[in-house]
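Trainee: Could you take me through one part of this model in detail? I would like to follow how the strands of a sheet are arranged and what packs against them.

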Amino acid sequence: MTTPPQAEPAATPPAGADKGREKSPRKSFGTILRESFLEGNTFTVTVLALVTATVLGGILCAFTNSTVLHAPTAGATISRAWDVASGTYVALFEGSVFNPHTIAALFQQASLSTAVHDGYLAAVFQPLSETAVQATPLILTGLAVALPYRAGLFNIGGQGQFIGGAIMAAWLGYDVHLPIVVHVVVCVIGGFVGGAVVGWFTGEIKARTGAHEVIVTIMLNYVMQYFLAYLLSSQSLLQASGSPYPITPSIASNAHLPLLFGSNLRINVGFLIALACAFGVWWLLNRTTTGFEFRSVGANASAARVAGMNVERSWVLVFLIGGGLAGLAGSAVIQGTDFTLNPQSYGTYGIDAITVALLGLGRPGGVVAAGLLFGALHAGSPGMQTITSTPVQIVQVLQALIVLFVAAPPLIRAIFRLRAARAGGVGSTMSKGWNA
Amino acid sequence: MELELRGITKRFGPLVANDGISLSVAPGQVHALLGENGAGKTTLMNVLYGLMRPDEGEIVIDGKPASFDSPKDAIAAGIGMVHQHFMLVPVFTVAENVTLGIEQADRVGLLDRRRTRREVADLSHRYGLDVDPDALVEDLPVGLQQRVEIVKALVRQANVLILDEPTAVLTPAETEELFRIIRQLRDGGTSVIFISHKLREVQAIADTITVLRRGAVVGQREPSATAEDLASLMVGRNVQLRVNKEPATPGKPVLRVSDLTVRGDDGRTWVDGLSFDVRAGEILGIAGVQGNGQTELCEALMGLRPAASGAVTLNDRDLTRATPRARLRAGIAYVPEDRTEDGLVGSFSVAENLVLDMYDRKPFASGVNLNLSAIAKNADARISEFDVRTGSSATVAGTLSGGNQQKVILARELGREHKVLIASQPTRGLDVGSIEFVHRRIVDQRDHGVAVIIVSSELDEIYALADRIAVMYEGKITGFRDPSVHAAELGRLMAGGADVVTEGDADVPDVAPVPGAATMLGAAAVPEAAGAEPAPPEASETPGATASQEET
């Protein structure tokens, strides 16, 4: 790391540079590994961003903790700080992935059948189930951002589209009576349509008037937010009769998304829908003519136009599908976990989605990974708070740090003295795109 | 200042970009670096300007070795560089741009704008640069922006000025202006390193020519060296500078444009009631100084810009309101003027770019599914047919050289069934080898009965390819001429001179222009042309078509 970074022309493919290194006999395998790491590609930067955020988050946890701050000696400060920081992350891990105590409890049971019956087996998988449940809407809304992004558009409207889907899913869920499988399917499709209509509206305005989609989607978020509040304000609309609160009636049990592993675990079909959608988006982008159009329009709209593509049609279509995906997130929350719709249902999914898409580098697989990571943070944070008395907000701080570092590749490169890779990652492209 | 490079070597992995290059630049000398794209010219200059460190060799200034870690060091040593792509802040004034990075404060600590303005005005006056310090850079034409870059270097006391492909973005008239400035700088004692791959420009401006090929110096020549000599040094073999072609055997008109009017986004009329036919098996060359509506004409022909009035028909099929896709499918092949912006998706692979307008047709698609193996197979076939130098069909198109990018576009467009080929500035920025290839392909198309339109602001290209020349000026065709026409006559028409020879009968090519009349008109028109500055002045000195064909 002491040698000054070698400037390389942007056009030189990294592969060629690697070959050159392999030829040189002086360099060990370790050197090669280190240097390929130092290339500073987007993947490396993303991983390092996560590491940096984790370390900084740990330091923050430790030095906001009163036992650490009131330590008698410097040595005690350091050891207590370590205890708090590691304890925080252990608690986070136990709440989101795997808790060894549950295994111990499982093996104390007399037989496997009682273990299963009393929920001890389920307890082992409970953290993972929670992570999946939390990740489901994040993955779906993340895809709703990532897909239009590949077509060169920013979907900040995840929230409005989510609300559109949630309204449809909730209304179809309680007001319509259908047989068991059919009802679920109708509600899920309704959720997609509800989001798609909101998304389509954005695309149509952009295509017809040239209005910037960021403005349109942000404004539509407000429109949908107040539209929901209006619907929930009157019992002649969506408000549950006899309820003093702005909340819909519970949806019929026929409309619940089926649980995957019995009644002790909340993980449900919604998670599978999210994974299927991720695969679907990948297939759409990489294997279909429509996806080819989306990618062309996103990468170079004027070349796409010259090649005979209908750029405006692509905008409308990609926003329609993206909105539908966010709508599915709404349906997954209503039909999978909440079963009623209230003015808090949409949470912060619309904004978290941007984070997830950004961290996932705009690729479907990446969105799934990022969605699971953030799902894990959400799932683990309550336990973290009870065990180490770290405030839940630290999870938000962690998220913010991750985004900060992912969105600023030059910062990570400066910290780790990486060479500037070409392009500079999705973060810089995203920020560049704001001017487009 | 005496500048010397000794044995500069720069490697990128296995690629040797500069291989022991030595050259010296005397004070007040214009030293041209001539070489094809990828010969290592820009790398060498990046080394000299402190953007890269050489692996071997040294830079010697006035007998003392110098070492540059950054452009800052190079600037301090008196080296200035004008990049191919300008480094200017569009919303700042000329003076603000010039002072950027070396802002001078007055006693109170405020920006000393007056001093900067005065300096800019002084320099501008001394070298006849004619730039207004208060003009906003975004309002200036490219040629003036380039001068701002030159002023920037001069304000920083540059003794050696590096100009990287300075004429690539200029019109012929602007190029001539630049040459005047370079001569003035040279006479004032500034050394100029002029990087180019254009033979004629190098011959016109250089005092010494160093030719680079594949990263090494292959020869030094005086500007009096013949174009053939320089070209063969550059490419390492004897290049045919003239396109061998049989006389055209035009068939029936294929593409008919009648009374076409096109307006720009600002409502300005760019194409003004234009009418012409292109026949099967002929090349119509549309000449003219850039910015006289050629771009808008092409866009209108492709449906990228609506026609305000008039009609475009292809074999009697009305295409006036057709979408770009409908026109492509109707059989128009299109090579756009700006290949990176309109021709290619830079981040896509070569294979994907080769099906950019065919991806949804068989065999590349079945239903909504892309047929990736058919796309790859097509790519391999096209790559070998058009000799595209690329690592593989999966290589990202944006990393290819300009010539290879153009080959990808040609391969795609000519791979489709087509009756018309419209190529705008088909060889701009290409090296000699690629130009030769592209020209041969275009003539090939003509010989196969395709109706070809070539839009070019390079007279040499027009002369090399066209069977019939139309000259565009301010959205109108000022005249149709035979390729045997005197360059001065074309220059006159490019400046908006009246169409004396073929008045009232624009659609019929005048097969035999009266030589005497043309010469007389040309001679008479020279002052007029010079006043309006639209024609390349050397065109009026060139005794005929043959001589000016050589640079192609």
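Mentor: Happy to; here is a walk through the six-stranded sheet of chain B, followed by a neighbouring topic or two. Please keep in mind that this is a predicted model.

Let's start with the strand order. The sheet is open, its six strands follow one another as E6-E7-E8-E3-E9-E10 in chain B, and the pairing is mixed. At the edges are strand E6 (79-82) and strand E10 (216-221) of chain B, each of which pairs on one side only. On average, neighbouring strands of this sheet are turned by 20° against each other, with direction ignored.

Now zoom in on one pair. Strand E7 of chain B covers residues 160-164 and strand E8 of chain B covers residues 191-196; five bridges link them in the parallel sense. Within this pair, Leu163(B) has Phe194(B) in E8(B) as its bridge partner.

Two helices are worth turning to next. Helix H6 of chain B (residues 172-187) packs on the sheet and touches E3, E7 and E8 of chain B, with its direction at about 150° to that of E8(B). Helix H1 of chain B (residues 41-48) lies across strand E3 (30-34), E6, E7, E8 and strand E9 (208-213) of chain B, and runs at about 150° to E7(B).

Chain B also has some antiparallel pairing to look at. Strand E1 (residues 3-12) and strand E4 (residues 56-61) of chain B run antiparallel and are joined by five bridges; here Thr9(B) stands opposite Glu56(B) in E4(B). E4(B) is also joined by three bridges to strand E5 (residues 64-66) of chain B, again antiparallel, and Ile59(B) has Ala66(B) in E5(B) as its bridge partner. E4(B) and E5(B) make a hairpin with two residues between them, and Asp62(B) in the turn has a positive phi of about 50°.

Finally, a word on the nonpolar core. In soluble globular proteins, nonpolar side chains tend to be buried together. The largest nonpolar core here has 265 residues, and those touching the most other members are Leu140(A), Leu143(A), Ile162(B) and Val420(B). Helix H15 of chain A (residues 311-338) gives this core its largest share, 14 residues. As for Val420(B), leaving aside residues up to four places away in sequence, its contacts include Val254(B), Leu255(B), Val278(B), Leu314(B) and Ile332(B).

Definitions and conventions
Residues numbered from 1 in each chain as written. Chains lettered and ligands numbered in written order. Predicted model: local features only at pLDDT ≥ 70, side-chain atom pairs only at ≥ 80, totals over all residues. Core = buried A, V, L, I, M, F, W, Y, C linked by C-beta atoms within 7 Å. Buried ≥ 20, exposed ≤ 12 C-beta atoms within 10 Å, placed from the backbone. Helix = DSSP H or I, 4+ residues; strand = E, 2+ residues; numbered from the N terminus. Contact = placed C-beta atoms within 7 Å. Pairing = 2+ DSSP bridges. Axes fitted to C-alpha atoms, helices over the stretch in contact; angles between N-to-C directions.
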